[in-house]
Amino acid sequence: MNKVLKLVLITLPIAGLGAVFLAYTLSNRAPPEQQTVAERVTHVSVVRAESRQVSPAIRGFGRVEPARTHEAVAQVAGTAIFVNPALRRGEILPQGSVLMRLSPTDFNLVIAQSSTAIRTAEARLEELTVAEANQQASLAIEKQTLALREQELARAETLFEAGSMSQSGRDAALTSVLAQRQKVQGVVSSIALLPTQRAVLVEQITASQISLEQAELNLARTELILPYMARVSLVAVEDGDFVRAGSTIAKLDDIEAAEVEAPINLASLRRLLRLAAPSGGMPPMDPAAMTNMIRSLDLTVTVNLNIGGDTVSWTATVDRLSDTIDPRSGAVGVIARVDNAYGGADPGNRPPLTQGMFVEVVVAAPPLEGLVLPRTALRDGTILVADEANRLRRVPVIPRLVQGDIIVLTDELTVGSSVLVVPPSPVIEGMLLEPHPDEALMRELATQGPVE
């Protein structure tokens, strides 16, 4: 059989049957199932916006210094005959304690000399009083004698003119009058000198009294007394030492109050004051004016000491600000005062607040009510939320407070809003989200509250 017959009789019929079968199969098969493309869902971590109170606070660190330091300085020179046995570093001495006593011998001698000089001058004044009385009596007698002799001279002149008395007789009467006048003048001169002599004695008494008072003052200065209860920080004298005037023999720190100067950024401090006094206008830049403003506000100040992981706290007040601002850091020294720094001390558990401790100072304004969110939720002035349909929405916000790892909003959101902790990539408005509450972060945010 040739190839043409095979093609006509065998191949073509088989191909025709296959075509018919294929056409039948395609015409009777069910249409293909339609596949719908689903929208992509993005998984995100969210927190629920909850309202609570947060205290705006600023923090700084500094070292403790006593509010007062007594420097015991010798005001007079002398030999130390007594030094308080308790005058040792670290000891606490009560008010009125005698710290040191110098030898009083030299000052007692000056007191004796001055007292003697005063008594001598006073005795001389009494003598002048008696002498003045005697001189006045003598003057009266001499004047009477002069009057008699002048009468005799007048009679002698009359007799001489009448020729009944010689020239020598008249001259003798005149000489007697002149001699008596000289006596009167001598007594008057003596009396005239008495006020000057009395003034000299009064000045001598005054000088001696000044010397006596100075000696008594120096005698009192030989004993150094502690004006208030304090802790000894320096001792520079021992029994038998010669102490020079003006030398420091000891330094003692007041235990009633302590101070800490903590540098705090000026801009942060002004923001805190603005929150503490929202209706008080813009806080001043001048430290002195700012100090007056701070004292008028209801601020809470706490001094914290970390001891091996444990924190010991003291209640304090902002006493004042330092007078200068650091030009490099823009920080101003906030000086916190702790009254009764040694109060409540418990050996082994709670130490007293003593000089040199490195502590934290926390200054807090009254609590602020608002929605507390993690700081990571704020990006370029907006936060991202998942709405009721789990769609992404942008919400522009102006935080009332940015502090540490949190922000506080007061008007932009409602309580219970789902806020994205970290934005997805990319961020597309209206994209579908699958929120997953970050319970651990929400518990952490719940601890952000008023400063205790």
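# A tour from the helices to the cores

Begin by selecting E127, which is partly exposed, with a relative accessible area of 47%. Keep in mind throughout that this is a predicted model. Add R124 to the selection: R124 is partly exposed as well, at a relative accessible area of 36%, and its side chain forms a salt bridge with E127 in which the closest N and O atoms are 2.8 Å apart. Both residues belong to helix α2 (residues 105–162), and because they lie three residues apart in that helix, about one helical turn separates them.

Staying in helix α2, move to E132 and display R198 together with it; the two side chains meet in a salt bridge with an N to O distance of 3.1 Å. This pair links distant parts of the chain, since R198 sits in helix α3 (residues 167–221) whereas E132 sits in helix α2, 66 residues apart. R198 has a relative accessibility of 24% and E132 has a relative accessible area of 25%, so that each counts as partly exposed, the class that lies between under 20% and over 50%. Next select E157, R170 and D171, which are joined into one network by salt bridges that share partners.

For another pair of this kind, go to R88 and E91, whose closest N and O atoms are 2.9 Å apart in a salt bridge. R88 is partly exposed at 49% relative accessibility, and E91 is partly exposed at 29%. In the model as a whole, the count of salt bridges comes to 16.

Return now to helix α3 and pick I210, which is found there. Is I210 buried or exposed? At 53% relative accessibility, I210 counts as exposed, because the threshold for that class is over 50%. If you draw a distance from the C-alpha atom of I210 to that of S114, the value is 8.7 Å, although the two residues are 96 residues apart along the chain.

The next stop is a sheet. Show β2, β17, β21 and β20, which in that order form an open sheet of four strands with antiparallel pairing. At its edges stand β2 (50–54) and β20 (401–403), each with a single partner strand, so one side of each has no neighbour in the sheet. From one strand to the next, the twist averages 40°. Zoom in on β17 (residues 368–374) and β21 (residues 406–409), which run antiparallel and are joined by four bridges; here P374 stands opposite I406 in β21. Then add helix α6 (residues 439–446), which lies across β2, β17 and β21 and runs at about 150° to β17.

Finish with the nonpolar cores. The largest has 38 residues, and the members that touch the most others are L269, L273, L299, L353, V359, V361 and V363. Among the elements that give two or more residues to this core are the helices α4 (266–276) and α5 (287–296), together with strands including β3 (57–66), β12 (257–265) and β16 (358–364). To see one member in its surroundings, select V361: which residues is V361 in contact with, leaving aside its neighbours within four places in sequence? They are I58, R59, G60, V260, A262, V301, T302, V303 and A336. A second, separate core holds 23 residues, including V47, I383, I407 and V408, and selecting these four makes a suitable last view.

Key: Residues are numbered from 1 along each chain as its sequence is written. This is a predicted model: local features need pLDDT of at least 70, side-chain atom pairs count only at pLDDT 80 or more; totals for chains, interfaces and linings use all residues. Side-chain values use heavy atoms; hydrogens and water are left out. A salt bridge is a side-chain nitrogen of Lys or Arg within 4 Å of a carboxyl oxygen of Asp or Glu. Buried means under 20% relative accessible area, exposed over 50%, partly exposed in between (1.4 Å probe, protein chains only). Two strands pair if DSSP finds at least two bridges between them. Axes are lines fitted to C-alpha atoms, for helices over the stretch in contact, and angles run from 0 to 180 degrees between N-to-C directions. Contact means heavy atoms within 4.5 Å. A nonpolar core is a set of buried Ala, Val, Leu, Ile, Met, Phe, Trp, Tyr and Cys residues joined through side-chain atoms within 4.5 Å.
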